[in-house]
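Work through the exercises below with the model open beside you. Try each task before you read its solution.

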Amino acid sequence: MKKIKIALYALLTLTMVNCSDDFLDKTQPDTINTGNYPKTGEELITLVNGAYQPLQRPKLYNMRMWTSDIFAGNSIVGAGGGDDGLETTQLSNFVTSTDNQGVLDLWRGPWPGILSSNIIIKTAPALNIDETIKNRCLGQAYFLRAHYYFILVRFFGDVPLVTEPQDVNGDLYPARAPKTEIYNLIISDLEKAIQFLPTKQQYGDSDKGRASKGAAIGALAKVYLTLGQWQKVVDLTTQLEGMGYALNTDYSDNFNINKENSVESLFEVQYASDGGYDFWSNENQASWTSTFMGPRGANFVGGGWGWNQPTQEFVNSYETGDKRKEKTIFYEGCPDYDGKEYKANYSLTGYNVKKFLVPLSAFPSYDNSPLNFPIMRYSEVLLMKAEALNELGQTSLAIVPLNLVRGRAGLAAVTSGLSQSAFRDKVLHERRMELAFEGQRWFDLIRVNDGQYGLNFLHSIGKTNASTKHLLLPIPQIERDRNPNLTQNPGY
């Protein structure tokens with residue numbers, strides 16, 4: 001949606017996502033008016049546009065989602081020291097308390113999008129407007145509601161199941177519903193989204209970046225991957241193979257401001273193509289990733305605050321010859337960046353993330369990066385299919401999609417002969433390197449073998465205090481104080 005004006009339909013404070021005084025809440029008010037429903041097609045589209053906006057905010061993909069790679073063990077906070085990023089450091093050290101600001105952001109981030117989606121789903125069917133517009137808007141609302149709930153259920157487990165627009169006369173204190181009910185809603189919503197949405201190719205240039213049929217199919221495949229329903233993963237990913245998606249020839253094209261919404265992209269968070277919005281504005285049309293992750297003191301990018309520094313263990317995990325390494329991270333001796341040499345002393349670990357940076361020569365200001373953030377790419381579709389085929393005992397077939405991803409990375413093909421267990425490890429390793437710092441690793445750690453895979457990994461890198469309770473985040477105490485019907489996750 002590079003050319004789509006993203007605007008909330010109207011404003012009204014909602015108890016479930018009430019604002020605090022921290023800077024994140026001041027700049028992104030989690031408020032929507034539930035008393036001013038759309039009456040025309042134009043108003044409906046405006047509300048749909050607003051339903052995308054929570055994706056852009058620092059509570060989700062502009063910060064908190066990618067910082068999950070830090071507590072997943074790929075990186076450390078880095079930053080400026082002292083209390084800078086303290087909440088993320090606590091998460092990564094597994095000493096999280098119920099007043100952690102990062103946890104609060106992840107809890108609050110999806111609810112405005114759910115509320116907007118609920119309004120669309122409730123009101124659109126009765127509108128006397130063009131059926132194509134109506135169906136497209138409904139499809140996007142179902143897709144977005146499913147996506148927001150998918151974030152919540154994986155981080156928190158049981159969460160309130162809210163499918164009607166809330167207002168002051170409704171139930172503002174919903175209890176948590178079992179996660180099985182949340183997943184049932186997600187699956188139902190995505191099935192409806194697949195029915196209503198056009199394909200990516202059917203959108204015009206002005207609508208690039210909107211949720212498409214392919215995005216919904218990919219999202220549903222990922223839900224089934226999380227639930228271990230392997231045949232459904234295979235069926236859905238096979239369907240996507242015939243819908244025009246492909247790997248970019250160059251891995252770095254997935255993070256190139258001039259090649260966004262490419263043939264590899266199923267869905268990505270859109271930021272303004274002209275970088276014309278202030279970094280701290282309510283609209284949140286500028287990406288934070290380049291500013292936050294740029295090497296500190298290097299003058300590589302606008303800002304350069306040194307967050308998200310890769311660990312030595314992560315860097316050692318690259319296979320020899322992996323082309324993704326120099327495109328994903330900075331290391332001493334790597335190719336110059338925008339004519340500048342990288343030095344190990346720019347980082348506490350000797351490494352910085354590179355893949356989301358926009359050079360000073362392209363955008364000199366710290367507060368207007370236009371770079372989109374990837375949510376799902378076709379490479380992940382291939383890796384999902386490989387994993388599912390292997391779990392079904394079809395390891396010889398699973399090699400094919402895995403090797404497509406490895407081939408682009410310049411790595412030797414995996415040959416037949418691997419056991420199911422060895423192949424599983426190979427696919428999970430490939431996911432780690434292919435999707436590094438895209439906010440995916442944590443969800444892999446907690447889904448495989450009911451989270452034991454993640455605990456084994458975390459213990460292996462020295463995070464021995466990580467335990468079963470940490471597979472879910474705590475319910476923020478401030479939310480429990482406001483809603484006495486919210487129970488707490490075990491162990492907090």
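## Exercise 1: A strand residue and its surroundings

At 4% relative accessibility, Leu266 counts as buried. The model is a predicted one.

Task. Find which element holds Leu266, and which residues Leu266 touches beyond four places in sequence.

Solution.
- Step 1. Place the residue. Leu266 is found in strand S4.
- Step 2. Apply the cut-off. Buried means under 20% relative accessible area, and Leu266 stands at 4%.
- Step 3. List the contacts. Leu266 touches Ser212, Gly214, Ala215, Gly218, Leu240, Tyr245, Met376, Arg377, Tyr378 and Val381.
- Step 4. Check a long-range pair. The C-alpha atoms of Leu266 and Ile375 are 7.8 Å apart, across 109 residues of sequence.

## Exercise 2: The nonpolar core

Task. State which helix gives the most residues to the largest nonpolar core, then trace the contacts of Phe156.

Solution.
- Step 1. Start with the core itself. The largest nonpolar core has 140 residues, and Phe143, Tyr149, Phe155, Phe156, Ile186 and Trp442 touch the most other members.
- Step 2. Name the helix. Helix H7, residues 131–156, gives the most to this core, with 15 residues.
- Step 3. Trace Phe156. Setting aside neighbours within four places in sequence, its contacts include Val103, Leu106, Trp107 and Arg176. Leu472, Leu473, Pro474, Ile475, Pro476 and Asn489 are also among them.
- Step 4. Set this against the general rule. In soluble globular proteins, nonpolar side chains tend to be buried together.

## Exercise 3: Cysteines

Task. How many disulfides does the model hold, and are Cys137 and Cys334 buried or exposed?

Solution.
- Step 1. Fix the test. A disulfide is a pair of cysteine sulfur atoms within 2.5 Å.
- Step 2. Count. By this rule there are 0 disulfides.
- Step 3. Read the accessibilities. Cys137 has a relative accessible area of 1%, so Cys137 is buried. Cys334, with 7%, is buried too.

## Exercise 4: Two helices and what follows them

Task. Compare the span of H14 with the expected value, and identify what covers the buried residues of H18.

Solution.
- Step 1. Take the span. Helix H14 covers residues 378–391 and has 14 residues. Its first and last C-alpha atoms lie 20 Å apart, close to the 20 Å expected at 1.5 Å a residue.
- Step 2. Check its exposure. H14 is mostly covered, with 13 of its 14 residues buried.
- Step 3. Look past its end. Gly393 follows H14 and has a positive phi, near 85°.
- Step 4. Turn to H18, residues 452–460. Here Tyr453, Gly454, Leu455, Phe457 and Leu458 are buried.
- Step 5. Find the cover. It includes helix H3 (64–71), helix H12 (312–316), H16 and H17.
- Step 6. Look past this helix as well. Gly462 follows H18, with a positive phi near 95°.

## Exercise 5: Positive phi outside glycine

Task. Locate Asn299 and Asn308, and decide whether each is buried or exposed.

Solution.
- Step 1. Read the Asn299 angle. Phi of Asn299 is positive, near 60°.
- Step 2. Place Asn299. This residue lies in the loop between H11 and strand S5 (307–310).
- Step 3. Judge Asn299. Its relative accessible area is 51%, so Asn299 is exposed.
- Step 4. Read the Asn308 angle. Phi of Asn308 is positive, near 65°.
- Step 5. Place and judge Asn308. Asn308 is found in strand S5, and its relative accessible area of 0% makes it buried.

## Exercise 6: Pocket and cavity

Task. What volume does the largest pocket have, what volume does the largest cavity have, and which helix gives the most to each lining?

Solution.
- Step 1. Size the pocket. The largest pocket holds about 760 Å³ of space.
- Step 2. Describe its lining. There are 34 lining residues, of which Lys179, Ile446, Arg447, Asp450 and Gly451 lie nearest the pocket centre. H16 gives the most, with 4 residues.
- Step 3. Count the cavities. The structure holds 8 cavities of 30 Å³ or more. The largest cavity has a volume of about 200 Å³.
- Step 4. Describe that lining. The largest cavity is lined by 19 residues, and Tyr61, His147, Arg154, Lys222 and Ile375 lie nearest its centre. H7, H9 and strand S8 (373–377) each give two or more residues. The largest share, 5 residues, comes from H7.

How values were computed: Residues numbered from 1 in each chain as written. Predicted model: local features only at pLDDT ≥ 70, side-chain atom pairs only at ≥ 80, totals over all residues. Heavy atoms only, no water. Core = buried A, V, L, I, M, F, W, Y, C linked by side-chain atoms within 4.5 Å. Buried < 20%, exposed > 50% of the residue type's maximum accessible area, 1.4 Å probe, protein only. Contact = heavy atoms within 4.5 Å. Expected span 1.5 Å × (residues − 1). 1 Å grid on protein atoms, 1.4 Å probe; cavity = no way out; pocket = protein on both sides within 12 Å on 5 of 7 lines; lining within 4 Å. Points joined across faces, edges and corners; volume = space filled by probe spheres on them.
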